[in-house]
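Biologist: I have a model open on my screen and would like to learn how to read it. Could you walk me through it, feature by feature?

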Amino acid sequence: MKLLKKGAEADIYQTKWENTNAILKIRKKKTYRNSSLDEKIRKHRTIKESEIISQAKSSGVHTPLVYFVNLKNSSITMQQIPGTPVHDLSPSQITKLSKSIGIAVGKLHKNGIMHGDLTTSNFLYFQKNIYVIDFGLSQNSIKPEDHAVDLRLFKEILNSAHAKIMETCWKNFLSGYSSILGSKYCEKIKILVSEIESRGRYAQVV
Amino acid sequence: MLGLGIESTAHTFSCAVIEKSGKSGKILSDVRKIYKPADGEGIHPREASRHHIENSPQVLSECLNEADVKITDLDLISYAGGPGLGPCLRVGAVVARSLASFYKIPIYPVNHAIGHIELGKLLTGAKNPLVLLVSGGHTMLLAFLNKQWRVFGETLDITLGQLLDQFGRSLGFASPCGRNIEELASSSSNYVQLPYSVKGNDVSFSGLLSATKTVGKQNKADACYSLQETAFAMIAEAVERALSFTQKNELMVVGGVAANKRLSEMLQDVCKRHNSKFFVVPLKYAGDCGSQICWTGLLESQVKKGVSIDKTFVTQSWRLDSVKVEY
């Protein structure tokens, strides 16, 4: 099997499933972690990811199809999406796609799914659609606070990795988000986001 | 160029002299006096500032003697303008202002956290690293982009240093408690399940603190061991996520908690997996010191002329990602 990507918590391999291209996402043992903690984390995340990836799909969000889950080695075999991570696209494309990302996140939240790791490398652009991947830190939650945690992370990533286009991206993202959840809910989440930010170390408290 | 740096953000009052030529700097002296609260207690800002006031003349003169320079030889003075404890910050600023105005030496307020990073870069030789800043005041993952240090991940509540100190104090240790916890942790290998909270590249420690206090009532060693394993694994995971997202091939660890061997060991393993170089600031300069302030002041003097006395502020909340770095 060919190694496609060494991610933060899992390795991604190219594989075949019923003669179609697929990827194998395997959470390997981390030697630096205490073994019982390591075991628990890898197993828990493999189960959560495979469950929620399918839930997200039925919420109308583009995600890969899960083919097979193997809890013995904490691996998931799933459909390969041959798209480009949004992170690697041009600034003008990222700005434009921010709205679709907002729509996708809105759909997840509307259906009680918190993604948990909304970085720009976890959205793939493929055939004019946004695919959401990497549900390892996902949870089922309808709590506005959890949804705000999601949005804050996305904002933090825009601020750090895409600083120059941050303002417009964030605006577009919110307009997509509120088109799904309504402007009232969106405003509520925005307030919660600034509350989380104000809890940050040495944040300017107004 | 000869610079004097004065650090007084928290429990340390320190003065240092560095000689800078081109891009290299040589630390001529770095003298510190550290305020020690009673066992089981944290820093009392008023008591700490009193300690700094009482010790400042001695630290300053020792620092100059050791470096074998006179005040009039100095090209600039820098002090920690924040973030930190207000009363403590003011002591360093007063010393700096007095010297600067009496001897007419240019003065520079410096961000303490940037100081940790810049001194780390000077001492380790890291070029373009992902920085893990772990101390009593900070737990942050940073990378440099467009003239500013950008935050790629941080704690959403308390810092790693606070987590260790507050737990340590609940066992009656003297702050800072990191070393005591590390020692006690090495006597156990019994892992007790504790809350593990990584949110994207961010971490949250408050739940872990409460849970560990409960475990600590049963068995101190197990609690220390499990606390270190859980908290450091969270940090290591956040580092892995940030490394893979930023594609940096260097990791540099700075700040007081950088002295912890178990944390270093874990991060070394992370770097091996990601083919990144691992840099950790030398033990002596991991904690707060005048050198970090002095070196940053010297770097700033490349592009700035210093500030007038009426602009020599101190501020308790001064996030490092709000500082423009022009040098």
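Biologist: Let's start with burial. What share of the 327 residues of chain B count as buried?

Modeller: Keep in mind that this is a predicted model. A residue is called buried if 20 or more other C-beta atoms lie within 10 Å of its own. In chain B, 57% of the 327 residues pass that test. For chain A, with 206 residues, the figure is 40%.

Biologist: And what are the chains built from? How many helices and strands are there in chain B?

Modeller: Chain B has nine helices and twelve strands. Chain A has five helices and ten strands. The radius of gyration of chain A is 17 Å, close to the 17 Å from the globule rule for 206 residues, so chain A is as compact as a globular protein of that length.

Biologist: What does the radius of gyration of chain B agree with?

Modeller: A compact globule of 327 residues would come out near 20 Å, and chain B has 20 Å, so the two agree. If you prefer a box, the C-alpha atoms of chain B fill roughly 60 × 45 × 30 Å along the principal axes. The C-alpha trace of chain A spans about 50 × 40 × 30 Å, taken the same way.

Biologist: I keep hearing about contacts in sequence terms. What percentage of the contacts in chain B join residues at least 24 apart?

Modeller: You begin with contacts between residues at least 6 apart in sequence, then ask what part of them reaches at least 24. In chain B that part is 77%, and in chain A it is 65%.

Biologist: Now the sheets. In what order do the strands of the sheet with E1 of chain B lie?

Modeller: Read a sheet from edge to edge, not along the sequence. Here five strands form an open sheet in the order E3-E2-E1-E4-E5 of chain B, with mixed pairing. Strand E3 (24-34) and strand E5 (107-111) of chain B each have a single partner strand, so one side of each is left without a neighbour in the sheet. On average, neighbouring strands are turned by 25° against each other, direction ignored.

Biologist: How do E1 and E2 of chain B run, parallel or antiparallel?

Modeller: Antiparallel: six bridges join strand E1 (residues 2-7) to strand E2 (residues 12-21) in chain B. To see it on screen, look for B:Ile6, which stands opposite B:Cys15 in E2(B). Helix H1 (residues 45-67) of chain B packs on this sheet, touching E2 and E3 of chain B, at about 25° to E2(B). Helix H9 (residues 290-300) of chain B lies across E1, E2, E3, E4 and E5 of chain B, running at about 135° to E1(B).

Biologist: What is the strand order in the sheet with E6 of chain B?

Modeller: That one is an open sheet of five strands as well, ordered E8-E7-E6-E11-E12 in chain B, with mixed pairing. Its edge strands are E8 and strand E12 (277-280) of chain B. Inside it, strand E6 (residues 130-134) and strand E11 (residues 250-254) of chain B pair in the parallel sense over four bridges, and B:Leu132 has B:Val253 as its bridge partner in E11(B). Helix H3 (residues 112-124) of chain B packs on the sheet, touching E6, E8, E11 and E12 of chain B.

Biologist: Which domains does the assignment give for chain B?

Modeller: Domain 1 covers 2-116 + 288-322, and domain 2 covers 127-285. Their centres, taken over C-alpha atoms, are 27 Å apart. The contact takes 16 residues from domain 1 and 17 residues from domain 2 of chain B.

Biologist: How many residues of chain B are in contact with chain A?

Modeller: There are 34 residues of chain B, in contact with 30 residues of chain A. On the chain B side, H7(B) gives the largest share, nine residues. By class, that side has 14 nonpolar, nine polar and eleven charged residues.

Biologist: One residue to finish. Is B:Asn201 buried or exposed?

Modeller: B:Asn201 has 25 C-beta neighbours inside 10 Å, so B:Asn201 counts as buried. You'll find B:Asn201 in the loop between E9 and strand E10 (202-203) of chain B. Its C-alpha atom is separated by 4.8 Å from that of B:Ala238, 37 residues apart along the chain. Beyond its sequence neighbours within four places, the contacts of B:Asn201 include B:Phe152 and B:Arg241.

Definitions and conventions: Residues numbered from 1 in each chain as written. Chains lettered and ligands numbered in written order. Predicted model: local features only at pLDDT ≥ 70, side-chain atom pairs only at ≥ 80, totals over all residues. Helix = DSSP H or I, 4+ residues; strand = E, 2+ residues; numbered from the N terminus. Rg over C-alpha atoms; globule rule 2.2 N^0.38 Å. Buried ≥ 20, exposed ≤ 12 C-beta atoms within 10 Å, placed from the backbone. Contact = placed C-beta atoms within 7 Å. Nonpolar A, V, L, I, M, F, W, Y, C, P; charged D, E, K, R; others polar. Pairing = 2+ DSSP bridges. Axes fitted to C-alpha atoms, helices over the stretch in contact; angles between N-to-C directions. Domains from an automatic or database assignment.
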